[in-house]
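Here are a few short exercises to help you find your way around a new structure. Keep the 3D view open and try each task before reading its solution.

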Amino acid sequence: MTLPPAPSTSPPEPAGATEPLPATVLPWDRPAPARRELRAGSVAFEVPAPGTAGLRALAGEAGGGPEAAALALYLVLLHRYGGPRDLVVAVPGPSGGTLLTRTRVTGAESFRELVDRAGQSLRRAEEDGRHHQQGATALPWPGFGLTRSDGPPETGGSPEPVRTTRCDLDVRLTDHGDRLAGRVVYAADVFDEATARRACGHLLRLLEGVTGSPDRAVRDLPVLTAEEERLTAALNSTETAVPAQPFHELFEAQARRTPDAVAVRTPEAALTYSELDRRANQLSHLLREQGVGAETTVGLCSERGARLVVAVLGILKAGGAYVPLEPADPAERRAAILADAAVRTVVTTDPALSFGPGRGVVELDRDWSVLRGRPDDRPAEGSCGLDTAAYLLYTSGSTGRPKGVVIEHRQLLSYTFAVIDRFGLREPLSFAMVQPLTVDSSVTALVPPLCTGGQVHLIPRETALDADRLADWVRDRGVDCLKIAPSHLRALQSSPRFAELLPRRLLIVGGEPSDWRWLRGIQRSVPHCRVYNHYGPTETTVGVLALAVGDHLRAEWDTAPIGVPLPNTRAHVVDAAGQQVPTGVSGELLIGGANLARGYHDRADLTREAFVPDTLGPRAGERLYRTGDIVRRLPDGTIAFLGRRDDQIKVRGFRVELGEIDSALKSHPQVRNATTVVRDDLAGGRGIVAYVEPHSPASFDRADLERHLGERIPPHMVPQAVVPMERLPLSGHGKVARSALPPVPAPTTAASAPLPPANGLERLVADAWRELLGVEEVGMEQNFFDLGGHSLLLVELQHRLRAGTGRDIDLLGLFQHTTVRAQAAFLASGEPEQPLPPEAARGAQQNALLRRRQQQLRAKRGRA
């Protein structure tokens, strides 16, 4: 299997002998310290006689000699370790010092060709004399050497230890005539002995490949050791049984077993299994009358509440596939999703929302009036097969157009029973749902408990963001399991009641990378609660990997690894040629197994690009999903996340394609060009920044652009800062040079002048702002959102002010008062609400949050 097109074979050597030599970055076990120790370790190995004879024969055929053949073998290893195309290797010079060889390796050449090329590199190095003298500084290149000995290889005792090395990895071979012996010398400050032992195994495995298939492209040669292959196969072969019934039928069976048990709990009401089943059946009859059946998409726009669960089950019982919509999203985005999904009917709980002409709207009010008089048994003709679509979830699209991922009943069930198995959810447990249905992590809180007789607690957003209210909920109603985004959990952690809001049995974090020490600290603080890091793109049905934090409490990592495959899932880490990479080497994560989505709705081109034929698994004809995530395997098979190969990011648990924000920016008539980046140096932490090139900088209206964005993209995608520039910096290829984009300038308006606080409350608020936003000075009239604040930081501010004043502080009140002076006055007066400033005076972040809050208030008035 080949992923991106492989580069063609290039000339043996790049032109220009004096150009800078590229460093070789090796798969270190830990980052290099600022001051290198040069302390070495070594591992000895012996090349079997057949391998020695085969390598010697290839050297003779290629005319390069034994040293060239041995160096070529090492170059293949460095290439498969992710080395650059131009590989520089330090070799001993004939008169002392170190010569530097430079060889181009593309992966497309055969080993025979590479032996010849390595021989040319050795001769050129001797002729050019480009070398480094012996010294006390580390070299940025690996080392290699071949010496000859008339004596036999050492067969007993310990070889003379190597105490220092200037190379991170140095392969030293000795030719004993009929046998090659070697030693891998490694820098002990960046490599472990176990890694060096694996490198010995990789060399010997490659030698088997080159002697058996010398004309095969070196990128396709086997490199993994037998132990690595065994471990990967074992982790990829765990399975669990999955019922051959769709989710709603499993729910119905549970309702027959426990009809009077509570299935759904909200602040105002609770529905038993039998009540939920009857309401969903009534809705399914209504939807069938409107033409809903198998493969029919039905829009679902509702805040969290009992009616949301009735709608999900009712749509599925009618045979349809639900398409969740966020009520607070801009109307333009909702319309685009409805059009793309070919939705003709929308189920909603908000009569104030419009879904465009030509669509039927079913409004579920709290009195269920639309369902009165309808049969409460499921329509017989509503049955559907496991290969029928269950839901379409729209994610951010790089072209500016959201793309709908189609999940079938088969994949939904596979995920459900995989997490039931891995997380131990077979008994009835209560699960808190703190995310909207438009985020696929909500599936974890919704489907498993309803298949096992548990309860779904639908936590309103204002409660989910308030540590005190959430702690009260957990105390009064009892929550066994919680799945939550790390940034959300961190925002709650500033509360003194943080420990009280954690669940009793299971805490799952996912949706974005987590700091390992933070996550480990949570597990240590609640040993009775199992903590997992859960990973998975929407295209693989919620999640496919998980890490049990409690199994690794002694580990020292920076970012929490994403774990090992769930049952029914296969995970492969591959290079650009689609070959599996050794332990510790970075590569793209490919996912296979029963959880893979059908593909993208009505986007066959994108589906073909992302879902590729599986040439690595045991079953012919299956597919792999290219996640775009760059990862590496740890020695025990656990997968660690390193980054992305594209512009996709995660913002507070939401998946975002920066290209979609770019498209929204460029659609504004005042904008000539624009680009979006993520910066870590913003006040308030990591956030999205837009750089725009207006047609007329003098007349550019930033507020109008922010309103334009707020009408087109969801709140979590609205940039925290917009930086206008006369010209965006371009690279030599004509693309925006993102590395040359300037930092976000500090506010320069009159309102930003750091006026001193007028009283103790203003001083308290200003100090809290400074700590939260990471700024030295705060103007009394500056806007919290203009300084980089967002909804989760507002939650942390609420906790700090509550601790500082000893008062209960309403989150909405802080939202309505967004300057230091206004918040201090609000705290002094105790008034719950004040009129909001006009829209023109509010930023895009605040306006987006306001739309969400207004929707929640409407839902609250009619919540069931």
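**Exercise 1.** Which residues does Ala 389 touch, not counting residues up to four places away in sequence?

*Solution.* Bear in mind as you look that this is a predicted model. Start by locating the residue: Ala 389 belongs to strand β14 (residues 389–395). Next, list its partners: Ala 389 touches Glu 295, Gly 320, Ala 321, Val 406, Ile 407, Glu 408, His 409 and Arg 598. Now take one of these partners, Glu 295: it is 94 residues from Ala 389 in sequence, yet the two C-alpha atoms are 5.8 Å apart in space. Finally, check the accessibility. Buried means under 20% relative accessible area, and Ala 389, at 3%, therefore counts as buried.

**Exercise 2.** Find helix α6 (residues 247–257) and helix α10 (residues 409–423), and work out how their axes are arranged.

*Solution.* First, the distance and angle: the two axes come within 9 Å and cross at roughly 55 degrees. An angle of this kind is neither under 35 degrees nor in the range 65 to 115, so α6 and α10 are oblique to each other. Then look at who makes the contact. From α6 come Phe 247, His 248 and Leu 250, and from α10 come His 409, Leu 412, Leu 413 and Phe 417. Sorted by class, this contact has five nonpolar residues, two polar ones and no charged ones.

**Exercise 3.** Compare the expected span of helix α8 (residues 306–317) with the distance between its end C-alpha atoms.

*Solution.* Count the residues in α8: there are 12, and at 1.5 Å a residue they should span 16 Å. The end C-alpha atoms are 17 Å apart, which agrees. Now look at the covering: 12 of the 12 residues of α8 are buried, including Arg 307 and Lys 317. After the helix comes Gly 319, with a positive phi near 95 degrees.

**Exercise 4.** How many residues does the largest nonpolar core have, and which have the most contacts inside it?

*Solution.* The largest nonpolar core has 139 residues, and Phe 111 and Phe 144 have the most contacts inside it. Helix α2 (residues 65–80) gives the largest share, 11 residues. Step closer to Phe 111: leaving aside neighbours within four places in sequence, its contacts include Ala 69, Ala 72, Leu 73 and Val 76, as well as Val 210 and Pro 214. Apart from this core lies another one, of 60 residues, with Leu 482, Trp 557, Met 780 and Val 795 among them.

Note on methods. Residues numbered from 1 in each chain as written. Predicted model: local features only at pLDDT ≥ 70, side-chain atom pairs only at ≥ 80, totals over all residues. Heavy atoms only, no water. Core = buried A, V, L, I, M, F, W, Y, C linked by side-chain atoms within 4.5 Å. Buried < 20%, exposed > 50% of the residue type's maximum accessible area, 1.4 Å probe, protein only. Helix = DSSP H or I, 4+ residues; strand = E, 2+ residues; numbered from the N terminus. Contact = heavy atoms within 4.5 Å. Axes fitted to C-alpha atoms, helices over the stretch in contact; angles between N-to-C directions. Parallel < 35°, antiparallel > 145°, perpendicular 65-115°, else oblique. Nonpolar A, V, L, I, M, F, W, Y, C, P; charged D, E, K, R; others polar. Expected span 1.5 Å × (residues − 1).
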